[in-house]
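The following exercises concern one protein model and its metal site. Each task is followed by a solution in steps.

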Amino acid sequence: MYIVLCAVVFTVAYLLNILTVSVGYHRAFAHQAVTLHPLLRRLVIGGGNWVTGLDPKAWIVMHRMHHEYSDTPLDPHSPVNVGILGMGLEQLRSYKRVIIGLLKKDPAYTRYARDLDFPVNVLIRRKLWYLPYLVHAFVALALAVWVGPLLGMMSHAIQGGLVNSLGHAVGGRNFDTDDNSRNNHLVAWLILGEGFQNNHHRYPASAKFSFRRHEIDLGYCACVSMEWLGWLEIHRNALIPRPPARAVWSLMRDTA
Ligand SMILES: [Zn+2]
Ligand SMILES: [Zn+2]
């Protein structure tokens, strides 16, 4: 019974973490594929860092750089540059570099944030980035549910690592994009649609990352449910169009 309780708490923390990043940071802010209700928007901007341990502004800037320079030497996280195993350290290094760039108002970074009308989170500005981790650890101890909440939040590093590495290295392709993006079903199931990187890089403004019938984007299902509840609005005119007559199923691009 106790194990079940731990699993439930972990799952809730895990889903809350992914939904904040995938629906809030990614689909709403980075690509404006959905518009959040003003209250939810404020909640994500103010509380996102507490839920995920990641600053929304830095995440968005790093992600926009990833789209601009996908799988080139300037990509902040590409397995083409550092390999699948090097991703953990690479994304952490890049995140830190983006934070420093934004705090110094370096145009190389602020140019990706012109439409973002909120600063880098106060926790980061006051060098208190570790506080959310302590709070999650404290909640875990207080509820005596092992480390469910902490693991749920800490899972962002693994989620990001899986999307950023396998999503650009292992899987099929529907579109012959300039990058090495892939559609990885395992990652898509685990991280609510984020594994469909090839579809997403072809149509980044679409709130829906799935494309074919057997591709399931649970993050988009969450968006539809949240829209039904009045929490957000999906920009359907930007949804990806009908499939091309002939899909491209190329092997991994030769990056040597
Ligand atoms: Zn990508
Ligand atoms: Zn994106």
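**Exercise 1.** What is the accessible surface of the protein, and what percentage of it belongs to carbon and sulfur atoms?

*Solution.* The accessible surface, computed by the Shrake-Rupley method with a 1.4 Å probe, is about 13300 Å². Carbon and sulfur atoms account for 67% of that surface.

The model is predicted: local features need pLDDT of at least 70 and side-chain atom pairs pLDDT 80 or more, while totals for chains, interfaces and linings use all residues. Side-chain values use heavy atoms, without hydrogens and water, residues are numbered from 1 along each chain, and chains are lettered from A and ligands numbered from 1 in the order written.

**Exercise 2.** Determine which protein atoms bind the zinc ion (ligand 1), and classify their arrangement.

*Solution.* Step 1: list the donors (N, O and S atoms within 2.8 Å of the metal, or 3.2 Å for Na, K and Ca; water is not among the atoms, so sites may look incomplete). They are His-66 (NE2), His-168 (NE2), Gln-197 (OE1) and His-201 (NE2), 2.0 to 2.1 Å from the zinc ion.

Step 2: read their spacing along the chain, which is H-x101-H-x28-Q-x3-H.

Step 3: examine the angles. Because the four donor atoms subtend 98 to 148° at the zinc ion, the arrangement is irregular; tetrahedral would require all angles between 85 and 135 degrees, and square planar would require opposite donors over 155 degrees apart and all others between 65 and 115.

**Exercise 3.** Where do Gln-197 and His-201 lie, and are they buried or exposed?

*Solution.* Both residues belong to helix α11 (residues 197–202), four residues apart, about one turn of the helix. Helices here are DSSP runs of H or I with at least four residues, numbered from the N terminus. Gln-197 and His-201 are both buried, that is, under 20% relative accessible area with a 1.4 Å probe and protein chains only, whereas exposed means over 50%.

Terms used: Tetrahedral: all angles 85-135°; square planar, octahedral: opposite > 155°, others 65-115°. Helix = DSSP H or I, 4+ residues; strand = E, 2+ residues; numbered from the N terminus.
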